[in-house]
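Trainee: I should like to look closely at a single part of this protein rather than at the whole of it. Could you choose one sheet and explain how its strands are arranged and what lies against it?

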Amino acid sequence: MRFTQDLTSGINVIRAYAPGEIRIDTQQIRSSVIVTATDVLIEPKLVSVADLSDELATRILGLSPELVLVGTGLQQTFPAPAFGARFLRAGVGYEVMNTGAACRTFNVLVAEQRLALAVLIL
């Protein structure tokens with residue numbers, strides 16, 4: 001019996017992460033992904049930090065996040081400065097961390113009803 005209110009009802013929650021796969025709610029994903037509280041966008045061409053492009057930044061900004069988390073795999077690896085600069089110029093928060101940390105941070109932010117977006121490189 002559950003005694004606490006489920007504040008994640010109706011939003012995407014990352015349930016599990018392991019190198020090479022992620023589970024968002026009941027969906028198993030084995031490719032890099034962009035996730036918001038309401039959208040899951042599979043990104044099969046995104047295989048490393050080097051693939052974070054200006055075109056991808058434009059697509060991300062089109063989703064109107066207030067904060068962008070970039071999970072870079074097992075290790076924190078910083079993308080080219082120009083990628084992050086796009087978000088900072090638009091007034092959007094931007095953080096880079098390993099993918100496990102990005103998953104945990106995303107869950108906390110969406111539970112707080114923040115407009116977070118996570119780019120998760122598997």
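Mentor: What follows describes one sheet, strand by strand, and then the helix beside it. The model is a predicted one, in which local features need pLDDT of at least 70 and side-chain atom pairs count only at pLDDT 80 or more, while totals for chains, interfaces and linings use all residues. Residues are numbered from 1 along each chain as its sequence is written, and side-chain values use heavy atoms, without hydrogens or water.

Three strands in the order β1-β2-β3 make up an open sheet, and their pairing is antiparallel. Here strands (E, at least two residues) and helices (H or I, at least four) are DSSP runs, numbered from the N terminus, and two strands count as paired if DSSP finds at least two bridges between them. The edges of the sheet are β1 (14-18) and β3 (27-29); each has a single partner strand, so one side of each is left without a neighbour in the sheet. On average, and with direction ignored, neighbouring strands are turned by 15° against each other.

Consider β1 and β2 to begin with. Four bridges join β1 and β2 in the antiparallel sense, and I14 lies opposite I24 of β2. The two strands form a hairpin with two residues between them, and in its turn G20 has a positive phi of about 90°.

Strand β2 itself (residues 21-24) may be considered next. In a regular strand, side chains alternate between the two faces of the sheet. In β2, I22 and I24 belong to the covered face, whereas E21 and R23 belong to the uncovered one.

The pairing with β3 can now be added. Strands β2 and β3 also form a hairpin with two residues between them, and D25 in its turn has a positive phi of about 55°. The partner of I22 in β3 is I29. β2 and β3 pair in the antiparallel sense over three bridges, and the bridge partner of R23 in β3 is Q28. Packed on the sheet is helix α3 (residues 99-111), which touches β1 and β2 and whose direction makes about 175° with that of β1. Such contact means heavy atoms within 4.5 Å; the axes are lines fitted to C-alpha atoms, for helices over the stretch in contact, and angles run from 0 to 180 degrees between N-to-C directions.

The helix deserves a description of its own. α3 has 13 residues and reaches 18 Å from its first C-alpha to its last, close to the expected 18 Å (1.5 Å times one less than the number of residues). Its buried residues are T99, G100, A101, A102, C103, F106, L109 and V110, where buried means under 20% relative accessible area, exposed over 50%, and partly exposed in between, with a 1.4 Å probe and protein chains only. These buried residues pack against β1 and β2, and also against β4, β6, β7 and β8.

To bring the picture together, β2 pairs with β1 over four bridges and with β3 over three, and α3 packs on this sheet, touching β1 and β2.
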